[in-house]
Amino acid sequence: MTNPGSPASGRHALDRFLGLFAPVGAREGVTSLMLLTNIFLVLMAYYFVKPVREGWLSVAAIEGLSKIEVKAYSAFAQSMLLVAVLPLYAWLASVLPRRTLITRVGVGFCVMLVVFWFVQPGVLAATDAVVAVAFYLFVGIFGVTLVAQFWSFASDVFGEERGKRLFPLVAVGAASGATVGSWAGETLVRSGQWQAADLLLLAIVPLGLAIWIGRLTDQRGSVGQPSSATQDRWLEPAAPNNEGGFQLIARHKYLAGMAALVLLFNWVVASGDNILFAAVQEALAEDLAGANLSPEAYATALKDATTAFYGGLYFWVNLVGLLLQAFVVSRLVTLGGLSLLLLATPVISLAAYATMALAPVLSVLKVMKVAENAANYSVNNTARHMLWLPTSKTMLYQAKPTVDTLFVRIGDGLAALTVLLGTHLWSLDVIEYFIVNIVIAVAWLGVAVYLSMEHRRWGNRAGGA
């Protein structure tokens, strides 16, 4: 790949090598690699933690609720918690420089991982369900907050022109970090040398390194030898104005469109995840039924088997996502721009759920969820973050975290509502749940078309509003 927008002279060996994956200009390679490594470490930490969440939730027995209801309703509770948390984050972004903001948020999450390790299920059996649900809420906020914060920071460092060229490269770090994290977590648990809960402590290592690299990246700037503008950003608050994420989204149709996009695709994906979780629990229960285990041994076996299954699932999702990110996404941008990225993923989801409706068995569900989630974690995620490049810094640090956390969880909440109504009011079967997802995916496709047109208008007013 060549970069017509940057002079070829002055490109170092690293710039030329990274140019195989994206159009990297002179002196852009080091910062690109630092950001790639940063998000690699963040996602590695997250995928150490994420399968543990599923394992703990599998032993959260709540009277009167099925497994799918416990998972779906816990996801809904995340959105309610975020309504309280986001104004605090917006205020912090308006008073703290971006380097300090990144450090304090990251360290806070590290402390919480240690706390949850101490109160893990099995320590005090009477609190297992409470701890499992609380941990589920925490992990949802942990993942979306750190990832949203990273992409706000990357957009701030690169700006619109560099971001359009280099985000597909940086996102390779996200896909590879998720792949390595899920593979390593599954391998450690299956080895028998590590308990699933120990992955929480292990996750602190990559997360701490990510905080350190983020601070170095802020110090370096986009191409090294920071300009006076970059040095000014060291002292300014991350968000120059405290306008509030909710107010910004309500005032700008473009931001509202991005919120709708995130809500709809998470509704689709979370509904599919809920159906898969129920199918996995049913299959594992059948496998363990004849083992004559004590209640305690059964709970441990179910927890570890669920953690191992999801570790394997996430490995394949992230491996396919990594291949798409490394070799396909940047070429799709070159071929059809952001519009092609936006439209590709809802089309893939439509095809996946149509296939599941025709063959609703666990093996098919797993393969289709790998295809859907891999496309979402690579193609769709890159498109979503590129949509923010023409927006202001206040939008990046206040509206973007709101969209990437609250509206993600509202989508999860709507998936929970779908379970509630489908289970207790409409008595939907598996195929009917898939049909509901197909209808939502059509709406998602419509919003993607709108945003592809609106993005062109915002591209002409870089830094908007």
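## Exercises on a predicted all-helix model

The largest cavity has 41 lining residues, and those nearest its centre are Tyr-46, Lys-50, Val-144, Asn-266 and Tyr-377. The model is a predicted one.

**Exercise 1. State which helices line the largest cavity and which of them supplies the largest share.**

Solution. Start with the volume: the largest cavity holds about 820 Å³ of space. Next, list the helices that each supply at least two lining residues: α2 (29-58), α3, α5, α9 (253-288), α10 (295-358), α11 (362-386) and α12. The largest share is that of α5, with ten residues. Finally, place the cavity in its setting: the structure has four cavities of 30 Å³ or more.

**Exercise 2. Describe the largest pocket by its volume, its central residues and its helices.**

Solution. The volume is about 290 Å³. The lining has 17 residues, and Val-85, Tyr-89, Val-105, Phe-109 and Thr-145 lie nearest the centre. Helices α3 (67-95), α4, α5 and α12 (393-424) each contribute at least two residues to this lining. With six residues, α3 gives the most.

**Exercise 3. Check the length of helix α4 against its residue count, then list its buried residues.**

Solution. Helix α4 covers residues 98-118, which is 21 residues. At 1.5 Å a residue the expected span is 30 Å, because the rise is multiplied by one less than the number of residues. The end C-alpha atoms are 31 Å apart, so the two values agree. For burial, the cut-off is under 20% relative accessible area. The residues of α4 that meet it are Arg-98, Arg-99, Leu-101, Ile-102, Thr-103, Val-105, Gly-106, Phe-109, Cys-110, Leu-113 and Phe-116. Two of these, Val-105 and Phe-109, are also among the residues nearest the centre of the largest pocket.

**Exercise 4. Identify the residues that touch the most other members of the largest nonpolar core, and follow the contacts of Trp-56.**

Solution. The core has 129 residues, and Trp-56, Phe-135 and Leu-255 touch the most other members. Helix α5 (residues 128-191) gives the most to this core, with 26 residues. Setting aside residues up to four places away in sequence, Trp-56 touches Phe-116, Gln-120, Pro-121, Val-131, Ala-132, Phe-135, Ala-197, Leu-200 and Lys-303. Phe-116 in that list is one of the buried residues of α4.

**Exercise 5. Decide whether Gly-163 and Ser-339 are buried or exposed, and name their contacts.**

Solution. Gly-163 belongs to helix α5. Its relative accessibility is 0%, so Gly-163 counts as buried. Beyond neighbours within four places in sequence, Gly-163 contacts Phe-158, Pro-168 and Leu-389. Trp-388 is 225 residues from Gly-163 along the chain, yet their C-alpha atoms are separated by 9.7 Å.

Ser-339 is part of helix α10. The relative accessible area of Ser-339 is 17%, therefore this residue is buried, the cut-off being under 20%. Ser-339 touches Ser-452 and Arg-456, not counting residues up to four places away in sequence.

**Exercise 6. Summarise the chain as a whole by its elements, burial, contacts and surface.**

Solution. The chain has 13 helices and zero strands. Of its 465 residues, 57% are buried. Among contacts with a separation of 6 or more, 82% join residues 24 or more positions apart. The accessible surface is about 18,100 Å², and carbon and sulfur atoms account for 68% of this area.

Terms used
Residues are numbered from 1 along each chain as its sequence is written. This is a predicted model: local features need pLDDT of at least 70, side-chain atom pairs count only at pLDDT 80 or more; totals for chains, interfaces and linings use all residues. Side-chain values use heavy atoms; hydrogens and water are left out. Helices (H or I, at least four residues) and strands (E, at least two) are DSSP runs, numbered from the N terminus. Buried means under 20% relative accessible area, exposed over 50%, partly exposed in between (1.4 Å probe, protein chains only). Contact means heavy atoms within 4.5 Å. Accessible areas come from the Shrake-Rupley method with a 1.4 Å probe; for residues, only the protein chains shown count as cover. A nonpolar core is a set of buried Ala, Val, Leu, Ile, Met, Phe, Trp, Tyr and Cys residues joined through side-chain atoms within 4.5 Å. On a 1 Å grid over the protein atoms alone, a cavity is a set of points where a 1.4 Å probe fits but cannot get out, and a pocket is an open set with protein on both sides within 12 Å along at least five of seven lines; lining residues have an atom within 4 Å of a point. Grid points are joined across faces, edges and corners, and a volume is the space filled by probe spheres set on the points.
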